[in-house]
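Subject: Structure handover

Hello,

Here is the structure you asked about, with sequence and coordinates together. My notes on what turned up follow below.

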Amino acid sequence: MHAGQAFDPTTGAVIPPVHFSTTYAQDGIGGLRGGYEYGRSGNPTRTALETQLAAIEGGARAFSFASGLAAEDALLRAILKPGDDVLLGSDVYGGTYRLLTRILGPWGVGVRVVDMSDLDAVAARLAESHAVVLWVETPSNPLLKITDIAGLAKIGHDAGALVVVDNTFASPALQRPLDLGADVVVHSATKYLGGHSDVVGGALVLHDEALAEKVGFLQFAAGAVSGPLDAFLTTRGIKTLGIRMQRHSENAASIASFLNGHGRVATVYYPGLADHPGHDIAARQMKAFGGIVSLALADGKTARRFAESTRLFQLAESLGGVESLVNYPDAMTHASVRGTELAVPEDVVRLSVGIESVDDLIDDLEHALGSL
Ligand code: PLP
């Protein structure tokens, strides 16, 4: 709540002002007040957010971008050169796969896909590739697979690769990958960090000073920075992240156990369930199990209809806001990976469980399942 958020020294305003100015008066050429010169190279509202991001993830440096994908792009271009490979988790966000295969691929970057929850498979795949980056989401999107971050970091570092964790689903309120040995944390701040479905943003947090210099240069030179209002909204969202994640997790746990016993549901994917294959690792490395629950319908053909039948859960892309959303990955968030090795099964529906009354949410799901 407090990192980077000191009151304004000139007025005493408890909330630091939002700085919209694109340029900064100089006391003689090069005489900068506070180091600010031009809005793309630096802005005090963005600095406030980056200070906050570094604090919540426990990193030395943080960078805020216009979107999660802009952050990923800057990081990958800071690290990779032609001939390098990236070892990618088998159900990462489809846009990450698209960025790597369709934008960086033509520049000579290779992609290998592996189930990151299987560390033996990761070690085997590493041995046969030129991977310089291991890229994982845990919990993953949308199948909620869990990777042992400390174990992955050891395997990656032994092979001389950087370990990047997309921490969008857990958020630092529940899991801090840098503390577990990861090198870089990536966020779509559009999700839980912003938390209210009203800002698109991205973030990188890391320790290594040399890599931070390269990322900072790309942020400045390619220019995909977050605007001042977006930075402010993200900052405001982060102040309530801890209590929101607690409530998201409580509601999701109740919904997972409701769905688990329901006749129309074949499988519930939620790391908080004791029979989830990653449950023990998740219990070790996360403070709670998060707000995303996915399910496979017993009659796979009804998944699409189920996603269109809820009322309180709104049918929409994205996740991580205070309001509950339902998504049909095959035709929505993951349509870009249909037919690839990252395709999501057609019977799967993803729920982003909000912070509403859990009784209302369960009523809504019960009604939608009953109508199939
Ligand atoms: N990472 C994850 C896990 C995501 O779910 C998303 C978007 O859905 C992204 C990255 C990309 O972020 P953005 O949409 O902010 O560019």
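L295 is buried, with a relative accessible area of 0%. This is a predicted model, so please read every value here as computed from predicted coordinates.

L295 sits in strand β9, which spans residues 292-297. Leaving out residues up to four places away in sequence, L295 touches L259, V265, T267, V268, Y269, F306, D347, V348, V349 and L351. Its C-alpha atom is 8.6 Å from that of Y270, although the two residues are 25 apart along the chain.

Strand β9 belongs to an open sheet of five strands, in the order β8-β9-β12-β11-β10, with mixed pairing. The edges are β8 (265-269) and β10 (314-315); each has a single partner strand, so one side of each lacks a neighbour in the sheet. Strands β8 and β9 run antiparallel and are joined by four bridges. Within that pair, V265 stands opposite L297 of β9.

Next, strand β6.

All five residues of β6 (184-188) are buried, so the strand is largely enclosed by the rest of the structure. In a regular strand the side chains alternate between the two faces of the sheet. In β6 both faces are covered: V184, V186 and S188 are buried on one side, and V185 and H187 on the other. Strand β6 has β5 (162-166) as a parallel partner, with three bridges between them; here D166 has V186 as its bridge partner. Strand β6 also pairs with β7 (202-206), this time antiparallel and over five bridges, and V184 is matched with L206.

Now the helices. Which residues of α4 are buried? In this helix (residues 119-127) they are L119, V122 and L126. They lie on the same side of α4, because they cover an arc of only 50 degrees around the axis. An α-helix has 3.6 residues a turn, so residues three or four places apart point the same way. D120 and A127, on the other side of α4, are exposed. The cover over the buried residues of α4 includes β2 (85-89), β3 (110-114), β4 (131-137) and α5 (149-158).

Helix α5 has its own buried residues, namely I149, G151, L152, A153 and G156. These pack against α4, β4, β5 and α9 (279-285). The N-terminal end of α5 is capped by D148, with a side-chain oxygen 3.2 Å from the backbone nitrogen of A150. Just after the helix, G160 takes a positive phi of about 75 degrees.

The ligand may be of more direct interest to you.

There are 13 residues around the ligand, and G68, D166, S188, T190 and K191 come nearest. Two of these have already appeared above: D166 as the bridge partner of V186, and S188 as a buried residue of β6. Three polar distances are worth listing:

- G68: a backbone N or O atom lies 2.9 Å from an oxygen atom of the ligand.
- L69: a polar backbone atom is 2.9 Å from an oxygen atom of the ligand.
- N141: a polar side-chain atom lies 3.5 Å from an oxygen atom of the ligand.

On its own the ligand has 390 Å² of accessible area, and the protein covers 90% of that.

Lastly, some backbone details to look at in the viewer.

N141 also takes part in a cis peptide bond, the one that leads to P142, with omega near 10 degrees. Another cis bond runs from T138 to P139, with omega near -5 degrees. P139 is located in the loop between β4 and α5, and P142 is placed in the loop between β4 and α5 as well.

Positive phi angles also occur at two residues that are not glycine. S171 has a phi of about 70 degrees and lies in the loop between β5 and β6. S197 has a phi of about 55 degrees and lies in the loop between β6 and β7. Are these serines buried or exposed? S171 counts as buried, because its relative accessibility is 1% and the cut-off for buried is under 20%. S197 is partly exposed, with a relative accessible area of 45%.

Regards

Terms used. Residues are numbered from 1 along each chain as its sequence is written. This is a predicted model: local features need pLDDT of at least 70, side-chain atom pairs count only at pLDDT 80 or more; totals for chains, interfaces and linings use all residues. Side-chain values use heavy atoms; hydrogens and water are left out. Buried means under 20% relative accessible area, exposed over 50%, partly exposed in between (1.4 Å probe, protein chains only). Helices (H or I, at least four residues) and strands (E, at least two) are DSSP runs, numbered from the N terminus. The arc is that of the directions from the helix axis to the C-beta atoms. Contact means heavy atoms within 4.5 Å. A residue is near a molecule or strand if one of its heavy atoms lies within 4 Å of it. A polar contact is a pair of N or O atoms within 3.5 Å; within protein, one must be able to donate a hydrogen and the other to accept it, and residues adjacent in sequence count only if both atoms are side-chain atoms. Accessible areas come from the Shrake-Rupley method with a 1.4 Å probe; for residues, only the protein chains shown count as cover. Two strands pair if DSSP finds at least two bridges between them.
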